[in-house]
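Got the viewer open? Here is a short walk around the ligand and the space that holds it.

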Amino acid sequence: MPGPGAYWFGEEEIEAVMEVMKGGYLFRYGSENDPKFLHKVSSLEKEFAKYTGVEFALATSSGTASLLASAIALGLKPGDEIIVPAYTFVASYSSMLFAGLVPVLAEIDESLTLDADDIERRITPRTKAIMPVHMLGNPCNMDKIMKVAVKHNLLVLEDCCQAAGATYKGKKVGSIGNIGAFSLNIFKTINSGDGGLVTTDDSALYEVAFGVHDQGHKPMRFGVEVGTRNVLGLNFRMNEITAAVGLAQLGKIDRIVETLRGKRSMLKSLIAQEVGFKFRILNDPEGDCATVCAVVFNTREKAALVSGKLGSKTVDQSGWHVYANMEHILNHLKNLGQPHTKGSYPVTDDILSRTMIISIGVVDGGLGAGWGININSTDSEIEAAAKQFREACK
Ligand SMILES: *Cc1c(COP(=O)(O)O)cnc(C)c1O
């Protein structure tokens, strides 16, 4: 049960993959003079940069790799602290831990994203960066977060893995902070199975991120060794087949988001008259990508009752998106002297225990969004889901 892009795999993806196979070049580097080399990875980078409105995009093997490369590109060093919301996918923490950083968790608000007001309380002399996570397609309150960042001279790494297609006040996510990390995993807005992208306007950050993703090499080497290397890199490269699928999906992203917004607004209008809950806050109602419809109940009892009747669950029960359910991360936090027990982030715990996520485009039980509609649901299917929800609320 995947993201909306997977529901819309079609001839475009199939043809793009076949084209690459017929050309015979699967590696991101190839002979510039051979017309059979289709340079899909570098085309995806150019198209994604244009789409996001930034100077540079780097294709990688995953969102996790994008986060790790971004943290190193920012110059963050072992022991530096980065403020991360207590509600996010496990990779937001694990990537920072691998870079030797200390993830300092902060509370979320009823937008289910980082509470900008809680950030300042978490700042210490070691704080170097903030990671706003645009959770469930909903952009964070970036005006407030950027204000705190500027005031305290902190870097901003946007985790956009769940929010390709989202904008905040007219700017695409991934173009607001210093650097942004995206995922093309199957559960995201658009996907190529796995894959990722890094976005930035800063050429120096781009160069380091590139080196981290490719054994320290300089950008655009086309397989030829260029210059000396001073970045220690690994291999997080994307291959041509992945990029071919990614490009075909990117061509559909605006239509995907528009379709999801239409279906969600229909569903919302059909359930809005029920009492006992509010829809989660959207920091930019025009910019959210509408992959889900999150419903925040007044009480945890009601949330458990309604979600249970529908065969779903409240968000606090959803696996590796809730700090309290990540035993390995908690263990690391403990070793780093950070709060590491369930209950350490009471505001987040409370909100998540009162929230149910209705799927609109991302259908994912692991996210707590196993029940709802999908991008291909018809009007009568949406009406039926709404009726079921209303009855469960009685
Ligand atoms: C999916 C996700 C990631 C990791 O992306 P992968 O491509 O699966 O490595 C990171 N952060 C968030 C918020 C995610 O949802």
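Which ligand atom lies 2.6 Å from a polar side-chain atom of serine 183? Select Ser183 and the ligand to find out: the partner is an oxygen atom of the ligand. Keep in mind that you're looking at a predicted model.

Next, add Lys188, where a polar side-chain atom lies 2.7 Å from an oxygen atom of the ligand. Then click on Gly63; here a backbone N or O atom lies 2.7 Å from a ligand oxygen. Now show the ligand's surface: on its own it has 380 Å² of accessible area, and the protein covers 94% of that.

Time to widen the selection to the whole shell of 16 residues around the ligand. Gly63, Thr64, Asp159, Ser183 and Lys188 come nearest. Colour the shell by class and you should get 5 nonpolar, 9 polar and 2 charged residues. For the helices, pick H4 (63-73) and H5 (90-98), each of which supplies at least two shell residues. H4 gives the most, with 3 residues.

Now hide the ligand and look at the space it takes, which is the largest pocket. About 390 Å³ of space lies in there. Select its lining and you'll have 30 residues, with Phe89, Gln162, Asn185, Lys188 and His321 nearest the pocket's centre. Recolour by class: the lining divides into 12 nonpolar, 14 polar and 4 charged residues.

Last stop: bring the helices back. H4 and H5 each supply at least two residues of the pocket lining, and H4 gives the most to that lining, with 3 residues.

Notes:
Residues numbered from 1 in each chain as written. Predicted model: local features only at pLDDT ≥ 70, side-chain atom pairs only at ≥ 80, totals over all residues. Heavy atoms only, no water. Near = heavy atom within 4 Å. Polar contact = N/O pair within 3.5 Å; in protein donor to acceptor, adjacent residues only side chain to side chain. Areas by Shrake-Rupley, 256 points an atom, 1.4 Å probe, with all protein chains shown as cover. 1 Å grid on protein atoms, 1.4 Å probe; cavity = no way out; pocket = protein on both sides within 12 Å on 5 of 7 lines; lining within 4 Å. Sits in = over half its atoms within 2 Å of the grid points. Helix = DSSP H or I, 4+ residues; strand = E, 2+ residues; numbered from the N terminus. Nonpolar A, V, L, I, M, F, W, Y, C, P; charged D, E, K, R; others polar. Points joined across faces, edges and corners; volume = space filled by probe spheres on them.
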